[in-house]
Structure formats: C-alpha cells, structure tokens
Amino acid sequence: MSRNYRFKDFLTRNKRGLSLFGLLSISSLLILFNGTPGVAKPQEIGLSVFSFFQGIVTGSVNWISQTFNSVDELRKLREEYEKAKTEIARYNGIERNLLELKQENKTLNELLKFSTQIEQPNIPASVIGKDPSNITGIIVVGKGYLDGIRKDMPVISYQNGLFGLVGKVLDVGLSSSTVLPILDSSNFVSARFQNSRYEGLVVGKGINDELLSMQFVKKRAQSDLKTGELVVTSGLNSLYPKGISIGRLKGIKARDYETSLDLELEPVITFSKLEYVYILVDKVNP
Amino acid sequence: MKYFFIISILALMLLIQSTLLNFIPFFDKVKPDLALIFLIFVSTQFGSVFGMYTGFISGLIESFTSGFLGLHSFIKTLTGFVFGLGKGNVYYDPFFIPVIMAFFGTIFKAILRFVLFLIFNLKSNPFNEVFNSGLIFELLFNIIFAPLLFLFFNFVKKKMSGPGRTLDD
C-alpha cells in the first residue's frame with residue numbers, strides 16, 4: 001500500500017476526530033489572537049452583518065410596540081379630551097355664574113346706595129318669586145317677619161331714575177312675604193298729579209294690561225292735564241307715604257254723563273323687570 | 001439545502017435571543033439559550049459531524065455580538081460533537097429527553113466556559129463569572145423551553161422532509 005493511500009485512508013477513517021480537532025484548534029487560535037487585527041477585522045465584518053438583521057428585528061418590534069402604544073395613548077388622549085371638555089363646560093358655567101354674581105353685586109351696591117337715599121327707613125329685599133297662576137300678580141320677596149316685615153307695609157322699587165310704587169305687603173312669613181302689586185284691581189292708592197295737583201284714586205287694571213286707572217279726577221282738570229304728567233301718592237288717609245311716583249298719564253276718557261275723568265296711567269315700574277324692592281318701615285310703628 | 005435551512009434557523013434563534021427576548025421584562029438579565037437547544041436537537045438528529053460544524057458556526061455568529069471570538073465556537077463545537085454521539089443510541093420522547101438534554105447541555109456549556117476562562121485567562125474570577133444565580137435561571141429557562149422547541153423543530157423537520165424524502169439525505 002502506498003503512503004498516500006494510507007494517509008487518505010487514515011483521514012477517511014478518522015474524519016470525525018480530525019474535524020473536531022481542526023475546529024477546536026481554530027477556535028483556540030481565535031481565542032488566543034482575540035483583539036489582533038487579523039481576528040478583529042472578521043469579527044467586525046460579522047458584527048456588521050448580524051447587527052444589520054438585529055436592527056431590522058428590533059426596529060420592527062419597536063414600530064409595532066409604538067403603534068400599540070399610540071393606539072393606547074390615543075385612547076388615553078380621547079379620555080382626557082372628554083374630561084377636559086366636561087371641565088371646560090363646568091368652567092363656562094362657573095364663568096357665567098361669576099358674571100351674574102358680578103352684575104348682582106353691582107346692582108346690590110347700587111341698591112344699597114339707593115336704600116340710604118330713601119328718607120324713610122326701609123328694608124331691601126329681592127324678588128324670589130311671582131304668582132305662577134297669572135291671576136293676581138302677587139310678588140314674593142325674600143324678607144319676612146324675622147326681618148321686621150309686617151302686613152300692609154308699602155313696597156317701592158327703583159327703576160329708570162325714579163322710586164316707584166310697587167304695592168303693599170299682603171302676607172308675612174318668617175323669612176318671606178307676599179306683595180300685592182298696584183296692578184291688582186283690589187289695590188287702591190290715593191294719588192295726585194305732581195304738577196297740576198289734581199287728586200284721584202289709582203287702581204290696577206289687572207296684571208295682563210300692566211296699566212293703571214285713575215278715577216274720580218274732576219272733569220275740569222282735563223284742560224290742565226298733559227300726557228306724560230307724573231302721578232304720585234298723595235298720602236291722604238293712605239298706607240302709602242306721600243310723594244312716591246306711581247305712573248304717568250297715558251290717556252284720558254271723559255264721558256258726558258260722568259262728572260269725573262277716567263284716566264289711564266302707565267306705571268313707572270316695569271313689573272316684569274322687578275328684581276329688588278324696598279319695604280318701607282313705618283316710623284311710628286316699625 | 002439542508003445546511004442552508006439549518007444555518008438559517010440557527011441564525012434566527014440567535015436573532016430572537018439577542019433582540020425579541022429583550023422586549024420581555026422577564027428575560028431582562030438572563031435569557032434561555034435557544035441556539036443551544038437547537039444545536040442539541042440538530043446534533044441528536046444528524047450526528048456528531050453535523051453537530052460540531054453547526055456548533056462551530058453557531059458559536060461564530062454568537063461571538064460577533066458578544067465578543068470573545070472563538071470562545072463560543074469552541075464550546076458549541078464540543079457540545080455538538082458530544083450530543084451527536086447520541087444519534088441512534090437514545091430513544092427520544094417528546095418531554096423528558098429534551099428536558100434532560102437541555103439540563104446537561106447547559107451544565108456542559110458552563111463547565112467548558114469555566115475551563116476556557118481558566119486556561120486562556122479570560123476572566124479574573126472565572127468561577128463566580130460562570131457559577132452564579134444566572135446559571136440557575138438559564139438552566140430553568142432552557143428546561144422549560146426545550147420540550148416546546150423540540151416539538152417545533154420536529155414539526156419543521158417533518159414538513160421539510162416530505163413524503164419519500166428525509167433530511168438525512
């Protein structure tokens with residue numbers, strides 16, 4: 001047998017062992033020469049190739065993760081948006097209330113100023129309700145017995161630069177009272193014209209009309225009366241103190257068979273705009 | 001074709017190990033050695049020669065990203081050779097044999113690593129570097145993953161083989 005043949009035979013029969021030895025030797029040499037340029041260069045190339053695929057996988061997973069996070073974040077953002085919308089609506093409500101409060105404060109300050117201007121002692125009160133049946137026009141105010149209110153006390157208010165007559169206290173509760181307005185046909189007020197001084201009796205024509213009727217004015221007064229002339233309380237045999245504005249002359253009706261005029265007055269107080277009133281306290285019997 | 005397929009799966013296992021498993025907080029510090037489990041499977045299926053070559057390539061690829069070129073190839077080459085000796089000599093059941101192989105494979109890898117650290121003076125304290133709590137976790141993960149991966153690899157092998165062919169050819 002030739003030497004070559006024996007060598008080849010040896011290699012074939014010990015292929016496994018020789019392969020193992022070869023691979024382990026290569027590995028050992030790589031370990032020994034680790035860090036040297038000869039070994040580092042192939043490692044760098046291998047790293048570049050493998051890390052390229054690592055980058056693709058990591059990038060894909062990050063993209064998927066970010067997508068899911070975005071969806072979740074979108075859901076959270078939507079929830080926060082709805083919450084913010086609710087908060088904004090609430091704050092809008094608060095702002096509206098604040099504006100109203102500011103206006104109320106301003107009005108109350110003005111009322112307080114006016115209250116001190118009235119010579120007669122008075123108790124300011126706010127209108128808290130009205131007759132819902134639209135029959136009597138009764139007004140409910142937020143002051144009552146505990147505040148010093150008593151039945152039949154005159155009630156006035158300030159509008160358009162004038163203190164005008166509202167009515168009288170009808171019923172008194174502990175902390176609220178009802179006021180019978182002058183518009184009511186059962187409420188009679190002794191009155192006179194401010195300029196011409198003619199006297200008469202003012203009575204309401206009903207709350208639907210919002211007009212007053214002045215009766216028993218002498219017929220001769222027709223020539224002296226002018227439209228728009230102010231009518232005030234006369235204070236004669238009356239609950240109401242003298243000099244409180246009631247209304248202005250709107251129309252005159254003179255019937256031949258009657259000895260007095262039937263006059264139509266427009267109240268100085270617009271009852272639909274009534275918010276605050278002053279209840280006049282009797283000086284003698286407070 | 002066979003070699004290309006096996007190398008591809010090997011690279012895939014290493015890719016999963018080095019990228020996807022990082023996204024799972026559970027595998028934050030210690031990961032299962034999927035490439036080792038695959039190597040053991042390949043070696044036991046195709047023999048020592050195939051096992052050692054597969055191990056060598058696996059070790060090289062692993063070294064590209066973990067450093068110490070040659071270290072992993074040495075370990076994996078020897079592991080592939082040793083487990084390849086079992087081809088035809090061991091009955092492979094779907095659960096216990098993969099678990100036992102994964103166990104001994106991990107221990108064998110750890111011992112080899114320790115010896116190489118010592119011989120080539122690669123670490124100042126090779127014993128603590130190798131035999132620590134991380135080894136216990138890696139052992140646990142490998143044992144858990146081994147039956148599942150063996151099942152998967154067997155399935156893939158059967159699919160690749162097809163009727164009338166074997167991957168051994």
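**Notebook: chains A and B**

I started at Thr77(B), which sits in helix H4 (residues 71-84) of chain B. I am working from a predicted model.

**Thr77(B)**

Is Thr77(B) buried or exposed? I looked up its relative accessible area and found 0%. Buried means under 20%, so Thr77(B) counts as buried.

Next I asked which residues Thr77(B) is in contact with, leaving aside neighbours within four places in sequence. From chain A, I listed Leu20(A), Leu23(A), Leu24(A) and Ser27(A). From chain B, I listed Met52(B), Gly55(B) and Phe56(B). Thr77(B) therefore has contacts in both chains, and its relative accessible area is 0%.

**Where chain A meets chain B**

I then took the whole contact. Chain A puts in 24 residues and chain B puts in 30 residues. The buried area between the two chains came to about 2500 Å². Carbon and sulfur atoms give 81% of that area.

I checked for salt bridges between chain A and chain B and the count was zero. For polar contact, I counted three residue pairs between the chains, both residues at pLDDT 80 or more.

Which elements of chain A give two or more residues to the side that touches chain B? I noted helix H2 (15-32) and helix H3 (37-117). H3(A) gives the most, with 12 residues. I sorted that side of chain A by class and got 14 nonpolar, nine polar and one charged residues.

**Chain A overall**

I tallied three helices and 12 strands in chain A. The chain has 286 residues, and 34% of them count as buried. I also looked at contacts in chain A with a separation of 6 or more. Of these, 57% come from residues 24 or more positions apart.

**Nonpolar cores**

I looked for the largest nonpolar core and found 47 residues in it. Which members touch the most other members? I wrote down Val202(A), Met214(A), Ile246(A), Val277(A) and Ile279(A). Strand E12 (residues 276-280) of chain A supplies the largest share of this core, five residues.

I followed up Ile246(A), not counting residues up to four places away in sequence. The residues Ile246(A) touches include Leu165(A), Ile182(A), Val189(A), Ala191(A), Val202(A) and Leu212(A). Also among them are Val231(A), Val232(A), Thr233(A), Pro267(A) and Val268(A).

Then I found a second, separate core of 27 residues. Its members include Leu10(B), Phe41(B), Val42(B) and Ile97(B).

A background note to myself: in soluble globular proteins, nonpolar side chains tend to be buried together.

Terms used. Residues are numbered from 1 along each chain as its sequence is written. Chains are lettered from A and ligands numbered from 1 in the order in which they are written. This is a predicted model: local features need pLDDT of at least 70, side-chain atom pairs count only at pLDDT 80 or more; totals for chains, interfaces and linings use all residues. Side-chain values use heavy atoms; hydrogens and water are left out. Contact means heavy atoms within 4.5 Å. Buried area is the accessible area (1.4 Å probe) that two parts lose on being put together, summed over both. A salt bridge is a side-chain nitrogen of Lys or Arg within 4 Å of a carboxyl oxygen of Asp or Glu. A polar contact is a pair of N or O atoms within 3.5 Å; within protein, one must be able to donate a hydrogen and the other to accept it, and residues adjacent in sequence count only if both atoms are side-chain atoms. Helices (H or I, at least four residues) and strands (E, at least two) are DSSP runs, numbered from the N terminus. Ala, Val, Leu, Ile, Met, Phe, Trp, Tyr, Cys and Pro count as nonpolar, Asp, Glu, Lys and Arg as charged, and the others, Gly among them, as polar. A nonpolar core is a set of buried Ala, Val, Leu, Ile, Met, Phe, Trp, Tyr and Cys residues joined through side-chain atoms within 4.5 Å. Buried means under 20% relative accessible area, exposed over 50%, partly exposed in between (1.4 Å probe, protein chains only).
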